[in-house]
Each structure stands twice: as C-alpha cells, then as structure tokens.
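The following exercises concern how parts of a protein structure meet. Please study the sequence and the model, attempt each task, and then compare your work with the solution.

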Amino acid sequence: MNWEVGSGLNIGVILLTVIIVAAMLIWVERRLLSLWQERLGPNRVGPFGLLQVVADMIKIFTKEDWVPPFADKFSFVLAPAIIMVAILLSFAVVPFAPGVGVIDSNIGVLFVLAMASIGAYSVMLAGLSSDNKYALLGSLRAAAQMISYEVFMGVSLLGVVALSGSFNLREIVLAQADGWYVIPQFIGFVIFLIAGIAESHRLPFDIPEAEQEICAGYHTEYSGMKFGMFFVGEYLGLVLISSLITVLFFGGWMGPEFLPPIIWFVIKSFIFIAFFILLRAAIPRPRYDQLMSYGWLFLLPLSLLNLLVTGAIILST
Amino acid sequence: MAKIVIDGVTYEVNPSNNLLQESLSQGLDLPYFCWHPCMGSVGACRQCAVKQYRDENDENGMIVMACMTPATDGAIISIEDVQAKKMREQVIESLMISHPHDCPVCEEGGECHLQDMTQMSGHNYRRYDKKKVTHRNQYLGPFINHEMNRCITCYRCVRYYDDYAGGTDLSAQASHHHVYFGRQDDGVLENEFSGNLIEVCPTGVFTDKAFSKRYSRKWDLQVAPSVCTGCAAGCNTSPGERYGELRRIVNRYNSEVNGYFLCDRGRFGFDFVNSENRITAAFRRNRNGSEWIEEVDTGDARAAVANLKKTSVLGIGSPRASNESNFALRSLVGQENFFAGYSDLEHESMQLINNLMTNDTFHNPSIREIEQADAILILGEDVTNVAPRIALALRQSVRGRARELAAANQIPQWQDAAVRELAQRELSPMTVMTPYATRLEDVTTHSIVDSISGLIAMAQSIANEISNEAPSSSEANSDSNKEARDLISQIANELSEAKRPLIIAGSTAGDPKTLKVAANIARALSANRSKPTDLCLLSPEVNSVGLSLMVNSENSLGKALALLSSGEVKNVVVLENDLYRRASTASVDAALQTAESVVVAGHLPTPTTARATLVLPSTAFSEHEATYVNFEGRAQLSYQVHRCHSDVLPSWRWFMGPDIAHVDDLISLCASEITELRVLSELISGADIIPGIKVPRQSHRYSGRTAMKANINVHEPKQPVDEESKMSFSMEGVPSTKDSNILASSWAPSWNSNQSISKFQEEVNGELKQGHVGSQVFEKLSAQQSYFEITNSPQGSPCDLTISFAQQIFGSDELSAKTATIVERMTPSYIGLSLEDADSRGLKQGNTVRLGESSAIAIVTIRSKQKTGTAALYCAPGEINPFDVAEIKTICKSDTKQAVGDLDCLQLSDHWEDD
Amino acid sequence: MLKLIQDTLTSQVHTLWLVFKHAFVKADTVQYPEEAPYMSPRWRGRIILSRDPDGEERCVACNLCACACPVDCIALQKAEDEDGRWYPEFFRINFSRCIMCGFCEEACPTNAIQLTPDFEMAEYVRQDMVWEKEDLLINGTGKYHDYNFYRVAGKSIKGKDKGEALNEAEPVNVRSLLP
C-alpha cells in the first residue's frame, strides 16, 4: 500500500476525513456561534460537548425515515444523494498537500465548477418531488441563485487560471510559490468568496431555505437521514469552498517549514470555515431580489472587469 | 316606513316603534335596562340616553331617552354624542353605587346584562365613597335564588311577574334607594312562569337555584337547539350540559312559538335525564318463579328485537317519544300492528283533532297568533296546567282591549305604563268553561264551572246563538233560566263581534264531545265571518299529534290490551311509555301477564318496565336528535345536546335494522312513508353553511378541554364525532351565530347575556335571521263538513258526584315529575269539592277521603267555585291511576293515618278559606 | 457602485468585527443545575391556590381562570358549603398543557390562583403532571397577604352578615316608613 496521489489508502483517508470533519462542523459551528453570542454552546455531552455530534447522529439515524405520500418517491430519495455525491466528487481534485489527493486532473477547476452545477439538480429535484409549496419556492430560489452565482464564480477564477496558466489545481498551488494569488487577484478572491457562500447557500445567502419565509425551503418535507444528507452536504460544501479558497488564493499547503504542509492546509482552511461561521453570526439575510441584482449588476461586471484587467496586465508583461 | 338619521347614517325604520327598539333592530349598540322587547318601555332606568336634534342646523340637540321617543320620520339622533355617552356613563355609575362586588360568586356572571351594559357605557370605578345599601334576601322556593343587593331597580321583574305573567306575590316595596323587590314574606313564588325572572332580571337578583347547585358558566355549557318535551306547546329550549350532566334549560327564541318565555315545568323539569335510576343497559327478566334479572349485551338485545318480527307481535307507541322512534316501531311491527300509546278516550279525541286541523274552516293558531286573539272561549281545558305557555299567551291576548284603547287615544303600544294606566282593568272578553276553576280566573270575563256535560250543553247553545244552523242543545230550551240565556247571548255576541276570535278545546277534558262543540262554535263564527276562525286544539303531550298521524284509527290501546290478554298476540313492544298511565291497572296487568314477551324501551324504570321481559335502555330528549309535532301541527327538530352512556341508544336504533345509519335517513324515510309527515324532510334539508364543516355545540370560550378528563387519562381523547347532525361536539367549526337555524345560545360581541338575541332577529321581536320556525304538518283541505250533531245526555254516572280529572303543571307530566326540584312543588292527590258537597259528607278542608272501593286516598280541598255535584280529582303520579277510579261509586271519609303530605304547594284560584 | 463598496466595508465588515469582538466577552450562560439561577417573585412558574388571611380557601370557583386559559388546561366545578361560600368541588390543572402564561392569575378576582417562582416540574410519567386541588392548595396567602374577597363582596356568608362587608350599610328595613 503506497502513499501517493490516487492510491486507495489516500482516497479512503480523504473521504473519511472529509466526512468526519463535516460532521464535526456541527459541533464547531454551534460552539463558535455561541462564542460570538456570549453563550457556551453544547458542552454537556462528552468533553467540551464533543460527543454532541455522536448524539446528533444517533438522533438523526433513528428518526422516522418518512416519505410523504404525495411526494415523487424516486426523485425524493435521489435528491439528497446527488448533493452528497457531487460535493464529495469535487474533493477528488483538491490538492491537500504534496502527495495527498485523489487525482491531479488537468481540468480540476472545470471539474469543480461542473460538480457545483450538478448540486443545483439536487435542490431542484428535492423541491419538485416534495410536492409542497414551500419546497417548490425554495428550489426555485435555489436554482436561480446557484445558476446566477455560478457565472461569476467561474469568471472570478479565470484570473487565477490566467496567471498560473493551468486548470490543474496542484499546479495552481505550485504557481503560488512566489506569492499568493490573493494579492494580484484580490477582487477575484472577494468575488469567489461571496459566490462560494451563495453556491453552498450558507447564511447569509440561505435564501432557498429561509425559515421565516418558506419553512425550510426545499428540504421542508425531509426528515431522518435524508435530511441529514442535506445537512452534512451543506457542511461538506463549506469545507470544499474553504479548501478551494486556500488552494486558489492562499497557496494551498505552502507555508514555513516548521509545520508539515497538510497542517498549513488545515489551518488556512479552518480560518475560512470560521470566517463563514462568523458571517452567519453577524450578517442578516438579504432579500431575494437584492441578492439577484447584487449578483448580476455588481458582481458580474466587477468580475469581468477583473478578468479584463488581469488579461491586460498579463499581455502587457 | 320612516327615515331617521342615527350618527349621520340614514335608516329606514318602523315609525310605530321607539328609537331604542329601532336602533337595536338596526344592529346598533345602545345600552338599556328597563326596556324589554316583550314588555315595552317605561323609561325607568335612564340608561338609553341619546341626543336628538331638531333639524340639520341644530348643533346643540337635547338628551332624550331613546326608549321613550318615537322613531318619527326625519328624526336625527346621535348615540355616539359625547354628552349622551357621558350621561349614560353617569347613569350606570349611579346604578352601580350599591352593587355588591360579588360577580365571581354570582350565577349571572358571564351572561349578565348589567355587566355588558357597564362595559358598553364605560363605567369602571366606584367614586362614591359612602356606604352601600344592603337588603336581606328572601326564600323564594326551590326554583329561584334571591340576592337583592345586586338590584339596580329597573322594575323589570315586577313588570314581568305582575303585569305580564299575572303573578300577585312579587311586588316593589319601600321607596327611594330602599326599593325592594320581593314577596310580602318568605315563600314560594306562586306563578307558573316565575322561572322567566331569571332571564328577565338584567342582573343576578333572581338566579336559577337548581342550576346553582351544579353550576357552570354560560360559556362552559355544551348547548344545542332543543324542543321542550314537557307538554304539547313545543317551546324551543337550549339545554346546557357540562361534565356529562344536563345542567339547565333556558329559553330559545322562536318568534312563532314561545318567544322569550318558558314555563317552570319546561325550565326546571329536566333533571330526570341525570337520574341515578336511569336504565343504562339492556336487561332480561324472568317472570316465572323467582324473579331474576340478567344484563344483555347490545347486540343480543337487538337480535332479540329483530327476531320478534317473525312472530306475532304488536307495538305500542308513545306520545312522549319522537316521530322517529314511533315510526321505527311502526316499521318493526307493521302499520296494522302499531297501536296508540294513549288512552282510548284520548285516541278518539286525537283522531277528531287530526280531522279538524286539516279542515279549512278553521285556522290552527300558533302561540304568537293566540296572543293576538281579542275574544276567547276556552272549553273544558285547564290551559295553565296542560300547556302552560299558552296560558301566558292568553294573558297577553286579553290585553287586546288595552291595545285598542291605546290606539284610539293615539298612545303608542310600546308606552307600557301609559297603556296599562289607560286600560286599568279593561280586558278583552275571555270565557273559560271548565269543570273546575282555572288559574286564568283573574283575567277571565266569564268563568263558568260546571260538569262537562253541562258545559257542552251551554257551548251548544252558544254555537246556536252565533249561527242558527248550529245544532242546539236538546235541554237548552228546557233550561229557561233567563240569566243563563243572557250570559249565553253575551258570550256569543263577544265572539261574533271580535276581529279575531279564538276557541280553545282539547283532549284532556276527557270528552271528545267538547272538541265537536268547540268546532261547531268555530264553524258558526267562520260562517258568519266568512273566513277561517282560530281553533286551538290542545293535546297533552309533546308528540301526541305526531303519534296520532301514525296510528290507524281502529288501533286503540284498548284493542291492543284485549289482543294481548286474550292471547291472540303473544309479544308486545312498548315504546317509552308507562301503560299504567294510559289504562286501568287491571287491564294492563292482564295484558302484560298473558303476553309471552314484553319488550319495553325506556329511560327510567316505570311500573311497565317492572313487568317487562326485556328492557331496552333508550336516550332522553337531550341525548338524541328527534322531531316532534306540537299542538298546532308544527313539526320541529330538536338536536342532540350531549352524549350518554354508550349502551343507551335512541329507541329507534333498537327497532331499525342496520341499514339506517343516521337519524337524518330515518327522518327522510319517515317523511316519505307518511304523507302527513312529509314536511319533516324540510327540517333536515338545510345545507351546511360551509360544506363539510359543522357547527360547534361548545362556545368559543369553552374552557377546560385539556383538563376535564385529565384525571382519567392525561392523553386527551379525540372529541367525539357527531355523524348524525350538522353540529359537532367541539368548539371548532362555523359559529352557530352564522345560522340561526342552529342558534343554540345567542352571543354577540359585547352582548354576553340573552339580550343578544336582538342581534339575530330580523327586527326586534321578529323572526330570527335565517331561522326556521318549524313546519306545519297539516295541509288545509276544503272539506265540506257540516256541524257535528252532538247527543249530549248527562251520563248516568255511577257516582253521586260527577268527577272530572284535574291537571297540575307540576305532576301531570310524567317525566318532569321525576325531577327533584319539581317534586318539591308537587302536591299529593286531592279532590276539589264544593262547600255544600263537603258539608253534606261531613268533610272539612284537609280531610282525606277514600275513593270508592280502591285504596286510593285523596285530600279534600274545598273550592268556592266548584259546582255542587261535581268534583275535580287530581291523581298524583304514582298515587292514583285515574282509570282505576273512573268508575267509583262513592267517596267516603278516610281516617287513614298514613302520611299523604299536604297541599301547601297547591295553587288554586278559588281555594275556600275556612275562617 | 463605489457607494456599495463603501457600504460593504463600513457596514458589513464593521458588523463582522463587532461580532467577532464578542469572542472575548465572558458568556452569560448560567450553568443550571450546578448554579441556581435567581428567580424573581413575579416569575411565572408552578401554579398554586392560596388561602385568605383567615385560612379559608380563596378560590370561589368563579371559572374565570379556566375561561382565560388559552390552552384550556384548568377544569373545576363550583360547589357551595353550608356557610354560603363558593368553593371548587374539584380543581384540576393539567400541567402537561400549561404554558405558564399567567392569564389565570390575571383573571382571578380573589387572588386565589398564583404563579410561583418554581419551575422544576418535570415528570417521567405525563399522568403525574395532572394536579388536583389537594396538590395545588397551599396553607398561606402567597404573594398577596391581606386580600379577603368575602370581606369586600356583598354576599353574606356565615360570620359575615348582610351589611357587614366593606363599605356596607346596615340592611334596609323595608317596612320602615322613615326616609
């Protein structure tokens, strides 16, 4: 059993780690939120409440796995699986550290964007198959939001691709040996950050599942582990976006020698995860039309401008 | 129609009414106390102050009392005016100065007109710091509590009790702020309609004593529209249930029947429903050898009943059971085997009544129409004790003279005090011809007490006097007493001159000839007036008329008993009936002993159930949905109020096969099979207001739903579903206020008391909005009938006294007589004798006599108006079977020492006082 | 567009910073049950029935609490003793339904029903959450020490005749002719 990119061991460890991390985020998020809200958060189950995750898991696994009689059963069951699979597949192209990764694809960036698009199907199927007005409204919102923000998510990345000259994420990391792309591509970073949140519909862009307006949006009718898959899928998305930001703009695993590369990667990613949680704690949800106009009228021109300027600079040098 | 402007809005109103009444008719909120829709205005309380303006330019206006101001065309008033509001607030503040701060322990609380009006007027704080006037209360009998401190001196009680209901023992006493409403001394309120004081009093001075013992607030009662089963008047009631017990009955407005008032029998005689003696399971009895009783489960009992179908069986119906139950029994045994559940004499009378009711020579007046009669002849009926609510109506009709006088003097009819002052004691003519003096004596113009045959003879002469074509009495000519002839022609004159004469007769007089002669008089009047004359034919029980429409004319009870005793028919099914009240003990005993199986459906044990081989538990009036036909042929629907023990079924369920699931199906079937009862389908045909959503029986404030059964199990049971009716056993659904058809309990925002009824009337005293007043079953046919030839020969009575049977409001009705509060007012059997007859037999007031050879004992009461040679015998339930003593030869003084009670509760108009 | 950028920086980033600063503030959480929290006397907790200063039941079974209760968890039945006092024959609160809203206390005209600062009422068996009068009635006046309904109300009871309540004159002699 050798330890190289694409080996079975590598795949297994990455898959397991990613899922465990996503599950642990349940606890992390609640603790961090309470930290910023002057509370303690879950602290009763196990040391520091760490076993809260286990308790939640037991609960979610033992809940009645209910399919509404009016739902379209096949797509109803399929929907949560799609989002899990799509996001887990995205991790395949993420270079965690030298020698750690599933595949070094030449079209890594495109692959990530493609998987993100597939995620939109999950939400739409969930909403349609539930046969519930809130679910339908939620999925409508989700579809519009994801399609819109995908556009300039891709455009914002092109600056990085242009600078590095590669779609291969590992090569993008290596290209940052001289300096993180966050500096030349600051605007691209900001746009990618915003689009990433919107893509994973985390707060404040959780418009598809806005409780106050449409119950729980597209997953209103879900319970038990099917809901759990949406739930974990959201955290997986969070990890994925953080990892991608690290890879694309913050030099991936690279850092001073006193820590191993994987640790650098983890630290950088965690900072962004924490930042996303801080966003949730601080920023209120925008209105749906505000979200759309913000995207199309502000972020899209900005990202195009960014690409134009980047291109101009590359050509001129 | 006049146009008036109230607060800038123009309304079309009736100019013959006052502003208060018209404001309320328009649905406006205007506080009042002394005014009552049925009693007019006296302007005593000053609460309905409004501002009236001379014309559009008048900016000052003046305060007037709305109840004392006619709604003249062009009147401009303001209810919302600041000064008027201020005045109303101050008036109620002064009314409340001595109010005792005891709403929490007041039975009126929550349905109190004073609470409503205080809220509406805006008074909330007692500024007056002097002491409150207090009064001592009186004992007013088993029905009514007295709490005089709560009085606001609106005078409604005495106006109702004395002026409207004709009571004499309640009065306003003392003066200024010491005014006291009560009796001279502690004692039972004598009037038969005293219970209405509870509803008339705007506050809690008079409250329901029986209800107070098992008290619930109005909002906690589960109510449904019901029909009183106390007599044939068919008054509409709202019984209220809480914690599985029937708690009280209040009046339910029906413009054509009872209006705002009930009698005390109907209001207080319901507690038998809660009786401990209720039959709660079917049981079998073996009559051979040692008696034993064995409970039978419902399925076996139903199978046993169904098996009877294959044998020779006859059914005996009941005039106190619903149309449905009687019809179901008739369907079980077949029409030819279905027999009348009342006595043979009554059967004959009822057949005759049915015949007369369909005759277009006569009009069957409703109680509302009875109130409008201006000359009345009552033949043989003790109306107060047979159909009490009609007696109250008669007391209003004799005021026709006062109404005429007022109209002639241009005094509005609503000016109650003025009209009464003008008329003094002038009354429309009312002739009461009865075998003993009745309680209507005080408003009667001609009171004639004689034996029934004597009365018939005289009535024949009256008929003949009115129209020569009417057959006269054979003995009239021989009786050349001038005084008598003058009286006859005077009565005939009064009836002939009247615009709306009314003849009342009935089946309780015990002689069908009275009906014939009454019909003759009415026919003579109709012929002269060439329009139908009001002929009111009374029957004694709630569904006597309904039953009579189902029974073949030859199927009398006597025939049924004969078939059974001869062994020709072996099995009998008796429906909710005590046969020992319908025929002599010997004949019933013989029939029931010979019969192989005697199946009795009933809710309380009776002598008949004691001889049954199979007893089926049946529901009481408040526990099932049913239709009844009242004395005038008005079919009315009574809803189920509450559920009862699960083994107790409506009688019809015991008799019908499983294919009839709902009572509505049965009613439809009954309507389609019996032509006369086809209108029953109208009663149930009303569509749901919102399809699929029922009307709640519980108010929107119904409390304790999650706690009332929590002691049994904390997991609340599902509310029981009512499959049968438009109503549900819950709070949810379309409020009954949306459809007055099912308006069980009136409530409107800021009107919690029964006065809220004005919000549901088309206009004050009008029909209820969307309301159903019942359907007339009799269709008038132009039958060419001629006068009845009456062969009136004084029967060769075996006894030296001609005995007629007296009725008692408390006691003559079988079921109400089983209610504890009513029992307190019941009297033991008595015999009313004239002074001469008593003297000649050496009898004194209060002695006891033995009736013939029987062991029956009655107390002697000497009546000053009793005709010599006649006697009025009251047979108390459970003491004397009237059919056993009909043939007695003598009465003799009895020195029995057994306790027979006393006649303290007996109310007679002609009680002879021994000094 | 510049304005939007400016707003984003001043408003959103500022907000993030402010919220982030809370990480360095001590948490407000009270670690119940290790630490007992302070309960104000006006806390709306377990419901009791109190007695008047003379030691008699205050509840007069007027049914107002039951009527006010939004979850209908109070059921009672009025009875009257030989002294003329009204009292509840039974008084039942289904605490598994109670939402401690305190409307019953607001509605009570005699200060009988009161909410107390006790909230530790959990049971393993839901049936045990149904409390009867014996469980509710305490031997004291609760929060309101002096009020005695019957001293104020005009209804006469044994030991307090007509005219002896607060602010009441002697009963009128109806037959007197004096003004």
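**Exercise 1.** State how much area domain 2 of chain B and domain 5 of chain B bury between them, and which residues of domain 2 supply the most of it.

*Solution.*

Step 1. In this predicted model, domain 2 and domain 5 of chain B bury about 1200 Å² between them, 66% of it on carbon and sulfur atoms. Buried area is the accessible area (1.4 Å probe) that two parts lose on being put together, summed over both.

Step 2. On the side of domain 2 of chain B, Phe143(B), Arg265(B) and Phe272(B) supply 44% of the area buried against domain 5 of chain B, more than any other three residues.

Step 3. The bounds, which come from an automatic or database domain assignment, place domain 2 of chain B at 105–274 and domain 5 of chain B at 802–894. Their C-alpha centres lie 33 Å apart. The contact (heavy atoms within 4.5 Å) takes 18 residues from domain 2 of chain B and 13 residues from domain 5 of chain B.

Residues are numbered from 1 along each chain as its sequence is written, and chains are lettered from A in the order in which they are written. Local features need pLDDT (the predictor's confidence in each residue, from 0 to 100) of at least 70, side-chain atom pairs count only at 80 or more, totals for chains, interfaces and linings use all residues, and side-chain values use heavy atoms, without hydrogens and water.

**Exercise 2.** Determine how many salt bridges join domain 2 of chain B and domain 5 of chain B, and how many join chain C and chain B.

*Solution.*

Step 1. Apply the rule: a side-chain nitrogen of Lys or Arg within 4 Å of a carboxyl oxygen of Asp or Glu.

Step 2. Between domain 2 and domain 5 of chain B the count is zero.

Step 3. Between chain C and chain B the count is six. Arg705(B) forms a salt bridge with Asp72(C), with the closest N and O atoms 3.7 Å apart.

**Exercise 3.** Describe the interface of chain C and chain B by its area and its residues.

*Solution.*

Step 1. Of the two pairs of chains in contact, chains B and C share the most contacts. By comparison, no contact joins chain A and chain B, and their closest C-alpha atoms lie 22 Å apart.

Step 2. Chain C contributes 47 residues to the contact and chain B contributes 52 residues.

Step 3. Together, chain C and chain B bury about 3900 Å², 51% of it on carbon and sulfur atoms.
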